[in-house]
Amino acid sequence: VEAKLFAKVDEINSKRHMYINGNNCERPKVYAASAPAKAYRTNRFGELQEYWSATIKVSCRNND
């Protein structure tokens, strides 16, 4: 999971622009990332399933 997090950070930093929540982001730069966290959630059968989550914070340098 951590390798995927670092791969996504590298991907974001190498882009010239991207869309975040429907807004155009010029020259995105990652300024923070949280460590992957493991949690559990029930599925539709009532069984616990694990899932992973992480947060990547990005700043945009739009020249409007």
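The exercises below, each with a worked solution, concern a predicted model.

**Exercise 1.** Find which residues the disulfide joins, and say which parts of the chain it ties together.

Solution.
- Step 1: The structure contains 1 disulfide.
- Step 2: Its partners are Cys25 and Cys60, with an S to S distance of 2.0 Å. The cut-off for such a pair is 2.5 Å, so Cys25 and Cys60 qualify.
- Step 3: Cys25 belongs to strand S2 (residues 23-26), while Cys60 sits in the segment after strand S6 (56-59), so the link ties together parts 35 residues apart in sequence.
- Step 4: The angle about the S-S bond is -110°, and the link of Cys25 and Cys60 is left-handed.

**Exercise 2.** Classify Cys25, Cys60 and Gly22 as buried, partly exposed or exposed.

Solution.
- Step 1: The relative accessible area of Cys25 is 1%. Buried means under 20%, so Cys25 is buried.
- Step 2: Cys60 has a relative accessible area of 37%. This value lies between the limits of 20% and 50%, so Cys60 is partly exposed.
- Step 3: Gly22 reaches 65% relative accessibility. Exposed means over 50%, so Gly22 is exposed.
- Step 4: Gly22 is located in the loop between strand S1 (17-20) and S2. Its C-alpha atom is 27 Å from that of Glu2, and the two residues are 20 apart along the chain.

**Exercise 3.** List the members of the largest nonpolar core, then the contacts of Ile12 beyond its neighbours within four places in sequence.

Solution.
- Step 1: The largest nonpolar core consists of 5 residues, namely Val9, Ile12, Met18, Cys25 and Val30.
- Step 2: With neighbours within four places in sequence set aside, Ile12 contacts Met18, Pro28, Val30, Ile56 and Val58.
- Step 3: Compare the lists: Met18 and Val30 appear both in the core and among the contacts of Ile12.

**Exercise 4.** Describe how strands S4 and S5 pair, and what the hairpin holds between them.

Solution.
- Step 1: Strand S4 (residues 37-42) pairs with strand S5 (residues 48-53) in the antiparallel sense, over 6 bridges.
- Step 2: One of the bridge partnerships is that of Thr42 with Leu48 in S5.
- Step 3: The hairpin has 5 residues between the strands, and Gly46 takes a positive phi near 85°.

**Exercise 5.** State how many aromatic pairs the model has, and which residue lies over the face of Tyr51.

Solution.
- Step 1: The count of aromatic pairs is 0.
- Step 2: Arg41 lies over the face of Tyr51, 4.1 Å from the ring centre. The distance limit for a charge over a ring is 6 Å, so Arg41 falls within it.

Definitions and conventions
Residues are numbered from 1 along each chain as its sequence is written. This is a predicted model: local features need pLDDT of at least 70, side-chain atom pairs count only at pLDDT 80 or more; totals for chains, interfaces and linings use all residues. Side-chain values use heavy atoms; hydrogens and water are left out. Rings of Phe, Tyr and Trp (its six-membered ring) pair if their centres lie within 6.5 Å; planes under 30 degrees apart count as stacked, over 60 as edge-to-face and the rest as tilted. A charge sits over a ring if NZ of Lys or CZ of Arg is within 6 Å of the ring centre and within 35 degrees of the ring normal. A nonpolar core is a set of buried Ala, Val, Leu, Ile, Met, Phe, Trp, Tyr and Cys residues joined through side-chain atoms within 4.5 Å. Buried means under 20% relative accessible area, exposed over 50%, partly exposed in between (1.4 Å probe, protein chains only). Contact means heavy atoms within 4.5 Å. Helices (H or I, at least four residues) and strands (E, at least two) are DSSP runs, numbered from the N terminus. Two strands pair if DSSP finds at least two bridges between them.
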